[in-house]
Amino acid sequence: VAPTVAWMKPDTKGLNKDGSKLGFTYGLMGESNFASNYALTYGLQVTYRGGILKVDSLNLRTSYALKYVELPIGVKMKTNEFNRYRYFGQFGLVPGLNLSAKTTTELGSITESNIESKAYITDINMSMMIAVGTEYTISGSTTFLASLEFNNGFVDVLAKSKDTDPEFKAISNYVALNLGIMF
């Protein structure tokens with residue numbers, strides 16, 4: 001499980017970041033050691049992302065609530081154990097498939113909430129993940145894991161449509177505090 005702070009980074013003139021959203025990630029993670037201090041990591045997780053974007057010229061503010069199923073894969077580099085603790089660094093790629101998208105839009109004094117907006121979000125997302133953390137050995141091979149993760153999007157998450165002018169671009173990012181038990 002991981003609470004997150006998510007935001008969208010605009011890549012178009014006239015589109016601005018106007019806030020972050022609290023989110024959440026949950027799922028299953030695994031690792032397979034290929035050397036004593038190195039492991040291949042993989043998983044299946046559901047991630048709630050989003051952010052708030054603003055078009056100043058139109059006085060338009062949109063809050064995005066995005067839900068993805070993701071399949072993270074990466075490499076984890078661990079220290080030797082010291083007094084039941086191991087420290088690690090991790091990096092990898094996180095492909096995701098959009099499950100849902102809802103928006104709240106404010107245009108001047110008019111607000112529309114929980115608008116189904118999946119048609120305006122790309123189906124596929126790809127991001128890079130980097131994390132640092134620690135594992136505490138509880139007993140045998142069971143450990144408690146805590147890490148701080150930065151997830152940086154590569155893909156424009158705003159879908160293009162022929163009636164969108166101009167075509168806005170933004171990527172989805174988040175910072176997470178990962179907590180879990182490894183068996």
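Helices (H or I, at least four residues) and strands (E, at least two) are DSSP runs, numbered from the N terminus. The views below show a predicted model, in which local features need pLDDT of at least 70 and side-chain atom pairs count only at pLDDT 80 or more, while totals for chains, interfaces and linings use all residues. Residues are numbered from 1 along each chain as its sequence is written, and side-chain values use heavy atoms, with hydrogens and water left out.

**View 1. Glycine 74 lies in strand E6.** The strand that holds glycine 74 spans residues 73-78. With a relative accessibility of 7%, glycine 74 counts as buried (under 20% relative accessible area, against over 50% for exposed and in between for partly exposed, with a 1.4 Å probe and protein chains only). Serine 63 is eleven residues away from glycine 74 along the chain, and the C-alpha atoms of these two residues are separated by 31 Å.

**View 2. Tryptophan 7 and phenylalanine 150 form a stacked ring pair.** The structure holds five aromatic pairs (rings of Phe, Tyr and Trp, the last by its six-membered ring, with centres within 6.5 Å; planes under 30 degrees apart are stacked, over 60 edge-to-face and the rest tilted). In the pair of tryptophan 7 and phenylalanine 150 the ring centres are 6.3 Å apart and the planes stand at 20°, so this pair is stacked. Because tryptophan 7 belongs to strand E1 (residues 2-10) and phenylalanine 150 to strand E10, the contact ties together parts that are 143 residues apart in sequence. Tryptophan 7 is buried at a relative accessible area of 18%, whereas phenylalanine 150, at 30%, counts as partly exposed.

**View 3. Strand E11 pairs with both E1 and E10.** The pairing of E1 with E11 is antiparallel and runs over seven bridges (two strands pair if DSSP finds at least two bridges between them). Tryptophan 7, already seen in the stacked pair, stands here opposite asparagine 173 in E11. E10 and E11 are likewise joined in the antiparallel sense, over ten bridges, and serine 147 has asparagine 178 of E11 as its bridge partner.

**View 4. Strand E9 is paired with E7 and with E10.** Between E7 and E9, which run antiparallel, there are 13 bridges, while the antiparallel pairing of E9 and E10 extends over twelve bridges. In this second pairing, threonine 134 stands opposite alanine 146 in E10. E9 and E10 form a hairpin with two residues between them, and glycine 140 in the turn adopts a positive phi of about 60°.

**View 5. Tyr85, Tyr87 and Tyr136 are linked into a cluster by ring pairs.** Two members of this cluster also face each other across the strands, since tyrosine 85 stands opposite tyrosine 136 in E9.

**View 6. Two aromatic faces carry a basic side chain, with arginine 49 over tyrosine 68 and lysine 76 over phenylalanine 88.** Arginine 49 lies at 5.8 Å from the ring centre of tyrosine 68 (a charge sits over a ring if NZ of Lys or CZ of Arg is within 6 Å of the ring centre and within 35 degrees of the ring normal). For lysine 76, placed over the face of phenylalanine 88, the distance to the ring centre is 4.2 Å.
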